Amino acid sequence: MDRPILPPNFILDPWLTQWLREDLGRGDRTTQALFSPGASPLGVAEVRLKQSGVIAGLPIALRVFELLDPQIIAENVVSEGGYHRAGDRLATVTGPVSVLLSAERVALNLLMRLSGIATLTQAYQAKIADLSAQLVDTRKTTPGLRVLEKYAIQVGGGKNHRFGLDDALMLKDNHIAAAGGLGPAIAQVRQSAPYPLSLEVETETLDQVQEAVSHGADIIMLDNMTPDLMRKAVQLIRIRSPQTKIEASGNVTLENIRTVAQTGVDFISTSAPITQATWLDISLKFLAQGR
């Protein structure tokens, strides 16, 4: 499994600040009505899990509180990436009650979203854990959240595909059609491909697979193929170009991912852990006030 790596704070903080500005607007009307500036009592709150799952984004959530007030004491109780049960305490946050109230929603939204992705990723990964195929994500992500959502994929045990269009060369069906065919498309891309970008080619038929092999594609994607057709394609590629990596994609579900993995592909890409993940239910509850 790839080791999950969060962006450093100088990259992460502007995003979190922007999302806090979106929620706070001109100010937290309710909290400001309750507490005068600088007169908020201190409080201690717990972040608790209301639904079992994999925790992802806890350092991000705690950083949200710290950005509103550097004096906030935020302490995680569990480790990032662990599976925890409903009712478990995840973290404690100590500081002015006004700050805890104003930061709560942004912090929990991120934690719930990322934990939901990590939980579903782990469910997919568990289906193929004893096989050689590796689960990878796609570029189907929420605008503005791609880095964090792909981080959650890693926390759940998956791998990241390319982060953006500048990461790799990937000829999909529309590229191939626009270029007048698979062969011409590969030839044109190869002429201007910067080192060391790899070239991946999407294929839907055995004829396209043969053409991709003959033109030296680094990675061949088997898109929306039946398991039987995938097995034939894998056999063809292994014989003619053993060094070429093979990726399966298209309509991958929890019910069929194991069958796909058993065809012998190296990677299985799916957007499902991001596009179909439900948020994990997590809450913030006060324990003490006015110490």
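**Two annotated domains, a core and a pocket**

The unreviewed UniProt entry carries the annotation "domain: Quinolinate phosphoribosyl transferase N-terminal" for residues 28-115; such annotations are given in the numbering used here, with shortened feature names, and may be inferred rather than shown by experiment. The structure is a predicted model, in which local features need pLDDT of at least 70 and side-chain atom pairs count only at pLDDT 80 or more, while totals for chains, interfaces and linings use all residues. Residues are numbered from 1 along each chain as its sequence is written, and side-chain values use heavy atoms, leaving out hydrogens and water.

Residues 28-115 are 41% helix and 27% strand, with end C-alpha atoms 27 Å apart. Helices (H or I, at least four residues) and strands (E, at least two) are DSSP runs, numbered from the N terminus. A second annotation from the unreviewed entry, "domain: Quinolinate phosphoribosyl transferase C-terminal", covers residues 117-285. This span is 42% helix and 17% strand, and its end C-alpha atoms lie 24 Å apart.

What does the inside look like? In soluble globular proteins, nonpolar side chains tend to be buried together. Here the largest nonpolar core (buried Ala, Val, Leu, Ile, Met, Phe, Trp, Tyr and Cys residues joined through side-chain atoms within 4.5 Å) has 80 residues, and those with the most contacts inside it are Leu90, Leu110, Val201, Leu222 and Ile268. Helix 4 gives the largest share of this core, 14 residues. Contact means heavy atoms within 4.5 Å. Leaving aside residues up to four places away in sequence, Leu222 touches 	Val209, Met230 and Ile246, among others.

Alanine 103 sits in helix 4. Its relative accessibility is 0%, so alanine 103 counts as buried; buried means under 20% relative accessible area, exposed over 50% and partly exposed in between (1.4 Å probe, protein chains only). With residues up to four places away in sequence not counted, alanine 103 touches Leu20, Val64, Phe65 and Leu68. The C-alpha atoms of alanine 103 and leucine 68 are separated by 7.2 Å, although the two are 35 residues apart along the chain.

Helix 5 (residues 146-155) is largely enclosed by the rest of the structure, because eight of its 10 residues are buried. Among these buried residues are Leu148, Tyr151 and Val155. Their cover includes helix 1 (9-24), strand 2 (53-54), helix 3 (58-68), helix 4 (97-127) and helix 11. Glycine 157, with a positive phi near 105 degrees, follows helix 5.
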